[in-house]
Amino acid sequence: MLNKGPFNAAITAVGHYFPERIISNKYFEEYLDTSDEWIKTRTGIIERRRLDKDKPTSFMAVKAIEMLLKNRGIGIEEIDLIIVGTVTPDMIYPSTACVIQKEMGAKNAWGFDILAACSGFLFSLMTAVQFVQCGSHKKVIVVGADKMSAISNMEDRNTCILFGDAAGAVLLEPTEDKSYGVVDAILKIDGEGGKNLHQLGGGSLNPASHETVEKRMHYVYQDGKSVFKDAVKGMADVSYDIMVNNNLSSEQISFLVPHQANLRIITACAERMGISMDKVMVNINKYGNTTSGTIPTCISEYWHEGKLKKGDYIVLSSFGAGYTWGSILVRWAY
Ligand code: COA
């Protein structure tokens, strides 16, 4: 899928942000017909973070980018392009990329948002790769950020226990050494999946009205069972295919970085690839499903813990609303 230009696109810095407020499973036990035990065993989630009501998604994205810039030792004025994967933009428009650009004074950057739900980070990363590979852009920030508490129905036990708020960011730069950076990608969509996972209110089909609010159409709707079945197959297939297409064995993969929607989906994906769980990045236990945030926050946390090293092959895989899904193979460059 990757049409190589003069350069490879390498990840050269990472950053993440989680709000301080912790919401434990016990919190939901107090007002919903659910239990810590059910949530833990069915999803793998123990707690998640929640951003203050008056703070938007861009607040978390800015914090993640600040960490990234500090790690790389550069200023925001060096950034050419900001791409934000999110389903919870600060508002319908202007884009969250524009808000971030203004907040951070990124005077040399342009940017835009990409809507691919839980695949938002992977779709944004693949888009960014095109600008870096051809040599037209030297420093591109890719953000995955979502304030899921803004669109979760806190009375619906089927969904509200699943989600958390977070942001992660990576910096992409060109490298002439073609053995590092983003190596390959498989990305897919299937609109048939739209019926199983959506937020119907607020768009041009169902503009915000008293009726859409009363019918709770501004919240996440999910047919969990159907999505679970489709996610296991979709994510496991592309993860396996990208490994095999690139003539890699499971031993040669240092980490699988799966979207964090359910620990049982993650385990199934690892099993299909023949990868043991110690080589799977997991943070769902601490943060729940943070949608576009899961993959970049995992990478950033593991990098900060010193677990990633130059030359590592990592497989990033996601599945989400749309349906959108895919895998990206990266050879770690620093
Ligand atoms: N606490 C207690 N019981 C709950 C519950 C909760 N928080 N949520 C659902 N239940 C109940 C259901 O009502 C159902 O009860 P019933 O049998 O009386 O109808 C029962 O538990 C089983 O529901 P089911 O939907 O089969 O549970 P599950 O094992 O599939 O787990 C999810 C539900 C949502 C955790 C799981 O389906 C899932 O992870 N789906 C995929 C998520 C995903 O990948 N999303 C894509 C990207 S966001």
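Which atom of the ligand does a polar side-chain atom of glutamine 222 lie 3.0 Å from? It is a nitrogen atom of the ligand. The model is predicted. Two topics follow: the ligand's surroundings and the largest nonpolar core.

**Contacts with the ligand**
- Arginine 157 has an N or O atom in its side chain 3.0 Å from an oxygen atom of the ligand.
- Glycine 224 uses its backbone: a polar atom there is 3.0 Å from an oxygen atom of the ligand.
- On its own, the ligand has 960 Å² of accessible area, and the protein covers 76% of that.

**The shell around the ligand**
- There are 24 residues around the ligand. Thr34, Arg42, Arg157, Lys225 and Asn262 come nearest.
- The shell has ten nonpolar, nine polar and five charged residues.
- Helices α2 (36–43), α7 (224–245) and α8 (263–273) each supply at least two shell residues, as does strand β12 (313–320).
- Helix α7 gives the most to the shell, with five residues.
- Domain 1 (8–179) and domain 2 (182–331) each provide at least three residues of the shell.

**The largest nonpolar core**
- This core has 37 residues. Leu256, Val315 and Phe319 have the most contacts inside it.
- At least two core residues come from each of β8 (181–189), α7, β11 (253–258), α8, β12 and β13 (324–331).
- Helix α7 gives the most here too, with six residues.
- Both domain 1 (8–179) and domain 2 (182–331) give residues to this core, so the core lies between them.

Notes:
Residues numbered from 1 in each chain as written. Predicted model: local features only at pLDDT ≥ 70, side-chain atom pairs only at ≥ 80, totals over all residues. Heavy atoms only, no water. Near = heavy atom within 4 Å. Polar contact = N/O pair within 3.5 Å; in protein donor to acceptor, adjacent residues only side chain to side chain. Areas by Shrake-Rupley, 256 points an atom, 1.4 Å probe, with all protein chains shown as cover. Helix = DSSP H or I, 4+ residues; strand = E, 2+ residues; numbered from the N terminus. Nonpolar A, V, L, I, M, F, W, Y, C, P; charged D, E, K, R; others polar. Domains from an automatic or database assignment. Core = buried A, V, L, I, M, F, W, Y, C linked by side-chain atoms within 4.5 Å. Buried < 20%, exposed > 50% of the residue type's maximum accessible area, 1.4 Å probe, protein only.
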